[in-house]
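Hi everyone, thanks for making time. I'd like to walk you through one structure today, so please have the viewer open and follow along.

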Amino acid sequence: MENKKLREKSRRAFIKSTGMLAAGALIAPSVLSAAGRAVAKTPAVVGGAPVRTKAWPTWPIWNKETDEKLVVDDLRSGVWSRASLVTQFEQEWASYVGTKRCLSVVNGTNALIASLLQMGIGGGDEVIVPPYTFIATVAAVLATGAMPVFVDTDVSTWQIDASKIEAKITSKTRAIIPVHILGLPADMVTIMAIAKKHDLVVIEDACQAHGAEIGGRRVGSFGHAGCFSFQNSKNLAIGEGGAINSDDEKFMDKCYSYHNYGNPYGSVVGQVSAGTLIPGTKLRLTEYQAAIGLGQLKRLAVETDKRNVNAAYLRSRISKIPGVIPYHLYDNVTKAAFHLFPFRYDKSGFKGLPRATFIKAMEAEGIPCSEGYSPLNKMPYLQQAFESKNYRKMYTAAELDINTFNERNVCPLNDKLCNEEAIWFYQSMLLADKPDMDDIVNAIEKIHANADRLNKKI
Ligand SMILES: *Cc1c(COP(=O)(O)O)cnc(C)c1O
């Protein structure tokens, strides 16, 4: 319906423009967009004026008035190793996510590794993961010695396709790591039901999903554990940092002990002066990192709401452009984090214009965007892991055969998403204002109107 309307408008605009051409009024063919603006000016990538020259909001945000005092006071105090600010940050983050407990750690990757290990996952176990995620998700599985098993992507929501999980469960499957990738919630209700049925551990990778909600409940509180990242690009930025959230007191005590060399903590107690109790490492956050986090946390809810408002507006406008397929949120999602704003690019709607050319043209118009991830189920690191000494001791040669692995882990829909369709805008762009969202729409419409010409020129 919308597309038909757009085509009709374009047709009328075309007639109008050719009429003007005949009168010698215009050199470039002019087309009107759905909204009726002239968009067929020369694309910036071939020398025209860009849609936008204004800078986008930068990230992270540092507000001198609200953010500086806590950090500077801490630096002056000399209390830099884990103390009261870290504890305060953990309490506030537990309360924000809606879990009984939170443990901060050095980064999201180690939050995942610690969670897997303290859930008892290791060599010989299979862990179900999506192929559409940041490498850290799978790197964490490999760090424990477990075997990642990939389940294809639901390309409409960009999340792990929960309806395909059960087919991948074997007697060795121990855990599922749903990733709320791009900050859009995964189908947690279905995933938790599958986990319950098959007695599996669920560790949510919520490293991109600070403040996202399903049915009014924040992600990271659905699984047995939820893991977050506070790396500089993330929606709550500390530079580096991570967190494990859970209601499971015993598990959290073990994580705490593990992150502090395996020393006694809570229920991790042994004989007096027994020394270190469990094998551990050191993953402690510093006081000044916590001080940064406490400042950023004050803004997170407001920023998340702004991203949601802008994303909904941008989504509604770009949905009308042929060849643009916007993301879909599961029906029970009440809020997304929009660490990224994704849409699928169908080049047939753009006269066959390749995605790479579209991105190049968008960037020339002043709209940064990215083609995003490559398929994680097909990269050389997997074979390298399988050839390692530890893997060769933990698995049979047949289990480590890369061809067999590849056959078992094909994810054709994800391949297409990564290789042909995915386009992202960044979370910081969604902190701009409504007219800035219009710039994005105008740039897409301009490229759409000039697709033929760009196809020939680039
Ligand atoms: C960033 C990220 C991680 C890892 O977090 P770090 O803090 O960078 O170690 C894990 N999973 C996903 C999906 C991420 O985006």
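I'll begin at the ligand, then go on to the aromatic pairs, and end with a few backbone details.

One thing to keep in mind from the start: this is a predicted model.

So, the ligand. How many residues surround the ligand? There are 16 of them, and the closest are G108, T109, D205, S229 and K234. Let's take a few of the contacts in turn. At G108 the backbone does the work: one of its N or O atoms is 2.8 Å from a ligand oxygen. At T109 we look at the side chain instead, where an N or O atom sits 2.5 Å from an oxygen atom of the ligand. Q208 also takes part, with a polar side-chain atom 2.8 Å from a ligand oxygen. How much of the ligand's accessible area does the protein cover? On its own the ligand has 380 Å² of accessible area, and the protein covers 94% of that.

If you colour by secondary structure, two elements are worth picking out: α4 (108–118) and α5 (135–143) are the ones that give two or more residues to the shell around the ligand. As for the make-up of that shell, five residues are nonpolar, nine are polar and two are charged.

Now to the aromatic side chains. Searching the whole structure turns up 22 aromatic pairs. I've chosen two to show you.

The first on my list is Y345 with F358. Their ring centres are 4.7 Å apart and the planes make an angle of 35°. Why is this pair called tilted? A pair counts as stacked under 30 degrees and as edge-to-face over 60, with the rest tilted, so at 35° Y345 and F358 make a tilted pair. Y345 belongs to strand β14 (residues 340–345) and F358 to helix α9 (residues 355–364), so the pair ties together parts 13 residues apart in sequence. Both Y345 and F358 are buried.

Next is Y373 with W424. Here the ring centres are again 4.7 Å apart, but the planes are at 80°, so this pair is edge-to-face. Y373 comes from the loop between α9 and α10 (380–386), while W424 is in strand β15 (residues 422–426), so the contact ties together parts that are 51 residues apart in sequence. Are these two residues buried or exposed? The cut-off for buried is under 20% relative accessible area. Y373 has 14%, so Y373 is buried, and W424 has 7%, so W424 is buried too.

Going back to Y345 and F358 for a moment, these two also belong to a cluster. Y327, F338, F341, F343, Y345, F350, F358 and F425 together form one aromatic cluster. Y327 has another partner as well: R315 lies over the face of its ring, 5.3 Å from the ring centre. A similar arrangement involves W59, where R307 lies over the ring face at 5.4 Å from the centre.

W59 brings me to the backbone. The peptide bond from W59 to P60 is cis, with omega near 0°. P60 is in the loop between α1 (2–22) and α2. Helix α2 itself (residues 64–77) contains D67, which is buried at 2% relative accessibility. What joins the side chain of D67 to that of R299? It's a polar contact of 3.0 Å.

There are two positive phi values to look at as well, both in residues other than glycine. D199 has phi near 55° and sits in the loop between α6 (188–198) and β7 (201–205). With 69% relative accessible area, D199 is exposed. Y261 has phi near 65° and lies in the loop between α7 (249–259) and α8 (287–318). At 41% relative accessibility, Y261 is partly exposed.

Last stop: G372, in the loop between α9 and α10. G372 is partly exposed, at 25% relative accessibility. Its C-alpha is 9.3 Å from that of N419, and the two residues are 47 apart along the chain.

That's my tour. Thanks for listening, and I'm happy to go back to any view you'd like.

Note on methods. Residues numbered from 1 in each chain as written. Predicted model: local features only at pLDDT ≥ 70, side-chain atom pairs only at ≥ 80, totals over all residues. Heavy atoms only, no water. Near = heavy atom within 4 Å. Polar contact = N/O pair within 3.5 Å; in protein donor to acceptor, adjacent residues only side chain to side chain. Areas by Shrake-Rupley, 256 points an atom, 1.4 Å probe, with all protein chains shown as cover. Helix = DSSP H or I, 4+ residues; strand = E, 2+ residues; numbered from the N terminus. Nonpolar A, V, L, I, M, F, W, Y, C, P; charged D, E, K, R; others polar. Phe/Tyr/Trp six-rings, centres within 6.5 Å; stacked < 30°, edge-to-face > 60°. Buried < 20%, exposed > 50% of the residue type's maximum accessible area, 1.4 Å probe, protein only. Lys NZ or Arg CZ within 6 Å of the ring centre and 35° of its normal.
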